[in-house]
Amino acid sequence: MGRTNEPPRLPEGGFAAWSRDRLAVARRGADECGDVWQLEPGVYVAAAAGPCEEVLRNAEEFPKAPSPLFPPLKRSSGGPTREERAHAHAARMRGLRAHAVAARIGEIAPSAARFADQWPTGEDVEILPLVRQALAEIGVHYLFSEDAPTLLPFASRLFLAREVLVRPSRWILPRWIPTPARRFRTRQQVAFTNALRPIVRRRRSSGRLGDDLLGQMLVPTSRYGLLSEEAVLDVLPGITVATFETPSRAAGWILLYLARHPQAADRVSAEAELLPADPAATTNTHLESLQYTQALVREVLRLHPPSWLLTRRAARETELAGYTIDAGSTVLVCPYTAHRDAREHSEPDRFQPERWLDDSGSPAKPGAFLSFGTGPHGCEGVALAMAMLTLLTAQIARRYRLSEPPGPDPSFQVTTFEGLTTAGLRLRATVRS
């Protein structure tokens with residue numbers, strides 16, 4: 001490129017080394033190269049908190065690439081317009097805002113308590129599949145209430161389609177090529193849509209729209225009017241999977257930290273004792289009282305952000321941290337390294353939930369907490385995810401002490417493609433006396 005203000009190149013191996021051990025190389029690149037570094041020509045990594053915040057908030061200079069895992073289905077009628085889909089997305093947000101989640105804490109808490117009650121004790125169990133199923137039940141119920149049992153099997157198959165679709169591959173093929181993974185994704189998306197369609201029609205014909213997220217989308221508004229059926233159906237597969245896929249990755253890390261930090265787990269347990277004996281009586285006031293539990297969840301997400309790498313593309317030649325980024329270049333935002341920026345967090349590699357209880361530890365501080373992204377494309381389900389994870393953590397710590405199986409070998413492996421996952425994690429639960 002020939003510019004004198006190019007960011008430093010990543011040393012020792014570039015893209016090949018990064019592919020073999022992405023996290024280690026990302027951390028090394030941040031430590032050795034600074035705030036922004038060049039991975040290969042046309043590919044840059046924003047590694048420090050400041051540049052990460054700048055890229056994510058500046059959606060005009062660094063737009064998010066339009067690559068949904070569940071794109072709108074092709075229909076002979078042409079389907080909803082882009083404007084209609086945008087209206088459907090805005091309607092979906094009504095059911096995910098913090099006040100909407102707060103009003104339904106009493107529906108989320110019983111499922112979290114039920115999962116804790118059903119955890120097998122006295123044996124080493126692979127926890128991630130169990131957590132994913134529990135969070136799927138919570139998330140799908142939040143979206144569809146009494147229709148959740150009908151849709152849950154289809155949601156599980158949507159998740160499987162997502163996993164198949166994002167598996168690492170040596171070849172990156174254009175999105176229009178119908179690979180086996182993409183055909184499988186489409187089949188599952190069609191099946192989910194076909195199961196959801198009669199539910200939408202039944203609710204509209206009966207006038208009983210419901211107070212869940214789907215019901216929120218079916219309510220006409222003065223701004224958008226009545227959404228078309230196809231627009232409603234097109235925007236629901238992605239959020240259905242998202243309600244439990246990313247929180248499941250986060251929950252694996254949280255439970256591991258409860259096992260490795262028993263004093264912190266004891267403090268969560270003591271706090272959880274103040275929750276109502278009947279989980280259905282749990283309110284947002286109870287949730288807000290779990291201040292240390294929320295701090296622990298946030299600290300684990302700081303150290304192990306479920307989505308550790310976010311992709312943006314430079315719309316035009318622009319400046320980032322004093323460097324010139326060419327138009328069309330890919331900018332990879334790395335919350336993993338940003339959260340370990342010593343300028344933002346003292347002792348950044350240390351697990352210290354208390355940092356979020358201090359006035360200086362506000363997650364609203366720019367660059368301090370990017371586990372759910374930020375800016376126009378930040379995670380729309382952050383309030384729901386935090387409620388699910390906080391209640392699940394409290395209910396488990398309230399009942400059990402967790403431990404890892406003995407032995408010199410790690411009890412899990414970290415999967416770094418798409419997100420940080422405690423794949424294969426096995427834990428043992430012992431009932432607290």
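**Exercise 1. A four-stranded sheet**

Which order do the strands of the open sheet of four strands have, and what kind of pairing joins them?

*Solution.* Keep in mind that you are looking at a predicted model.

Step 1. Read the strands across the sheet: the order is β1-β2-β7-β4, and the pairing is mixed.

Step 2. Find the edges. β1 and β4 each pair on one side only, which makes them the edge strands.

Step 3. Take the pairs in turn. β1 (36-40) pairs with β2 in the antiparallel sense over four bridges, and Glu 40 has Val 43 in β2 as its bridge partner. Next, β2 and β7 run parallel and are joined by four bridges; here Val 43 is partnered by Thr 330 in β7. Finally, β7 (residues 330-333) and β4 run antiparallel, again with four bridges between them. In that pair, Thr 311 stands opposite Leu 332, and Arg 312 has Val 331 as its bridge partner.

Step 4. Add the twist: on average, neighbouring strands of this sheet are turned by 30 degrees against each other, direction ignored.

**Exercise 2. Faces of two strands**

For β4 and then β7, work out which side chains point to which face and which are buried.

*Solution.* Use under 20% relative accessible area as the cut-off for buried.

Step 1. Start with β4 (residues 310-313), where the side chains alternate. Leu 310 and Arg 312 point to one face and are buried, while Thr 311 and Arg 313 point to the other and are not.

Step 2. Move to β7. Thr 330 and Leu 332 point one way, Val 331 and Val 333 the other way, and all are buried.

**Exercise 3. The helix on the sheet**

Which strands of this sheet does α3 touch, and which of the residues of α3 are buried?

*Solution.* Step 1. α3 packs on the sheet by touching β1, β2, β4 and β7, and its direction makes about 120 degrees with that of β7.

Step 2. List the buried residues of α3: Ala 49, Pro 51, Cys 52, Glu 53, Val 55 and Leu 56.

Step 3. Ask what covers these residues. The cover includes the strands β1, β2, β4, β5 (318-320) and β7, along with α16 (335-338).

**Exercise 4. A phenylalanine in a loop**

Is Phe 70 buried or exposed, and which residues is Phe 70 in contact with beyond its neighbours within four places in sequence?

*Solution.* Step 1. Locate Phe 70 in the loop between α3 (49-57) and α4 (82-94).

Step 2. Check the accessibility. The relative accessible area of Phe 70 is 9%, so this residue is buried, given a cut-off of under 20%.

Step 3. Look at the contacts. Leaving aside neighbours within four places in sequence, Phe 70 is in contact with Leu 158, Arg 162, Arg 185, Gln 189, Asp 234, Pro 237, Gly 238 and Val 241.

Step 4. Compare sequence and space. Phe 70 and Arg 182 are 112 residues apart in sequence, yet their C-alpha atoms are 9.6 Å apart.

**Exercise 5. A three-stranded sheet and its helices**

What is the strand order of the open sheet of three strands, and where does α7 lie?

*Solution.* Step 1. The order is β3-β11-β8, with antiparallel pairing. The edge strands, each pairing on one side only, are β3 (124-126) and β8 (400-403). From one strand to the next, the twist averages 40 degrees.

Step 2. Zoom in on β8 and β11 (residues 426-431), which pair over four bridges in the antiparallel sense. Arg 401 stands opposite Thr 430 in β11.

Step 3. Place the helices. α7 lies across β3 and β11, at about 60 degrees to β3. α17 (residues 382-399) packs on the sheet as well, touching β8 and β11, with its direction at about 95 degrees to that of β8.

**Exercise 6. Two crossing helices**

At roughly what angle do the axes of α7 and α12 cross, and what kinds of residues make up their contact?

*Solution.* Step 1. The axes of α7 (residues 127-144) and α12 (residues 236-260) come within 8 Å and cross at roughly 140 degrees.

Step 2. Classify the angle. Over 145 degrees would count as roughly antiparallel; the two helices are therefore oblique to each other. The crossing is right-handed.

Step 3. Inspect the contact. Among the residues involved are Ile 127, Val 131 and Arg 132 in α7, and Leu 236, Phe 244 and Pro 247 in α12. The contact divides into 14 nonpolar residues, five polar and one charged.

Conventions:
Residues are numbered from 1 along each chain as its sequence is written. This is a predicted model: local features need pLDDT of at least 70, side-chain atom pairs count only at pLDDT 80 or more; totals for chains, interfaces and linings use all residues. Side-chain values use heavy atoms; hydrogens and water are left out. Axes are lines fitted to C-alpha atoms, for helices over the stretch in contact, and angles run from 0 to 180 degrees between N-to-C directions. Angles under 35 degrees count as roughly parallel, over 145 as roughly antiparallel, 65 to 115 as roughly perpendicular and the rest as oblique. A crossing is left-handed if the near helix is turned anticlockwise from the far one by less than a right angle, and right-handed if clockwise. Contact means heavy atoms within 4.5 Å. Ala, Val, Leu, Ile, Met, Phe, Trp, Tyr, Cys and Pro count as nonpolar, Asp, Glu, Lys and Arg as charged, and the others, Gly among them, as polar. Buried means under 20% relative accessible area, exposed over 50%, partly exposed in between (1.4 Å probe, protein chains only). Two strands pair if DSSP finds at least two bridges between them.
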